Amino acid sequence: MRLLFVCLGNICRSPTAEGVLRHLAAAEAPDLQLLIDSAGTGNYHVGQPPDRRSIAAAARRGIDLSDLRARQLVREDFERFDLLLAMDRQNLADMYTLALPAQRRQAQLFLEAAGHTPELEIPDPYEGGPGDFELVLDLATQGARGLIARCRRSAATGKKLV
Ligand code: 4NP
């Protein structure tokens with residue numbers, strides 16, 4: 001199963017979600033052999049490591065984001081990945097614009113697809129304070145747990161992820 005996290009800059013939310021899911025999947029679901037990546041709808045930060053505030057917040061939870069580098073979402077990502085997971089509704093709208101009509105169902109709100117939280121969006125922390133980066137990690141962790149459960153159900157039933 002191939003999962004791509006998508007936000008605007010690919011330096012705060014989606015690399016955090018990528019790192020959290022990699023960390024949890026390695027510990028709790030190595031058998032699922034998930035392929036995990038992240039990308040941004042925008043190109044402002046291409047080639048850059050995650051925001052230092054995201055790196056620091058993840059490091060406090062034992063998760064290393066420092067090797068990740070930002071890249072922009074491309075149409076081919078809809079062929080390379082089964083499920084493309086948007087952090088907010090604007091990301092989802094931008095992904096719809098890029099996708100062919102038949103590929104749009106592969107793009108979903110991360111937290112809605114994960115189904116473990118009442119929240120549906122992960123707010124952009126870029127202009128925010130430390131608490132906003134902690135919230136990204138909290139929501140990404142709950143979402144990652146939900147995704148692992150969804151992938152487990154898919155593997156157990158043989159039904160496709162999307
Ligand atoms: P992200 O956060 O989409 O979670 O990576 C942002 C990073 C950079 C900008 C906006 C959001 N920016 O405008 O540069």
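A residue is taken to be near a molecule if one of its heavy atoms lies within 4 Å of it. The views below all come from a predicted model.

**View 1. The residues around the ligand.** Here you can meet the neighbours: the ligand is surrounded by Cys-7, Leu-8, Gly-9, Asn-10, Ile-11, Cys-12 and Arg-13, together with His-45, Asp-124 and Tyr-126. By character, this shell splits into five nonpolar, three polar and two charged residues. The space that the ligand takes up is the second largest pocket.

**View 2. Polar partners of the ligand oxygens.** Start with the side chain of His-45, where an N or O atom is 2.7 Å from an oxygen atom of the ligand. The backbone takes part as well: a polar backbone atom of Cys-12 is 2.9 Å from a ligand oxygen, and one of Ile-11 is 3.0 Å from a ligand oxygen. On its own the ligand exposes 350 Å², and the protein buries 87% of that.

**View 3. A salt bridge between two helices.** Among the 13 salt bridges in the structure, have a look at the one between Arg-145 and Glu-28, whose closest N and O atoms are 3.1 Å apart. Arg-145 belongs to helix H6 (residues 130-157) and Glu-28 to helix H1 (residues 13-28), so this pair ties together parts that are 117 residues apart in sequence.

Key. Residues are numbered from 1 along each chain as its sequence is written. This is a predicted model: local features need pLDDT of at least 70, side-chain atom pairs count only at pLDDT 80 or more; totals for chains, interfaces and linings use all residues. Side-chain values use heavy atoms; hydrogens and water are left out. A polar contact is a pair of N or O atoms within 3.5 Å; within protein, one must be able to donate a hydrogen and the other to accept it, and residues adjacent in sequence count only if both atoms are side-chain atoms. Accessible areas come from the Shrake-Rupley method with a 1.4 Å probe; for residues, only the protein chains shown count as cover. On a 1 Å grid over the protein atoms alone, a cavity is a set of points where a 1.4 Å probe fits but cannot get out, and a pocket is an open set with protein on both sides within 12 Å along at least five of seven lines; lining residues have an atom within 4 Å of a point. A molecule sits in a cavity or pocket if more than half of its atoms lie within 2 Å of its grid points. Ala, Val, Leu, Ile, Met, Phe, Trp, Tyr, Cys and Pro count as nonpolar, Asp, Glu, Lys and Arg as charged, and the others, Gly among them, as polar. A salt bridge is a side-chain nitrogen of Lys or Arg within 4 Å of a carboxyl oxygen of Asp or Glu. Helices (H or I, at least four residues) and strands (E, at least two) are DSSP runs, numbered from the N terminus.
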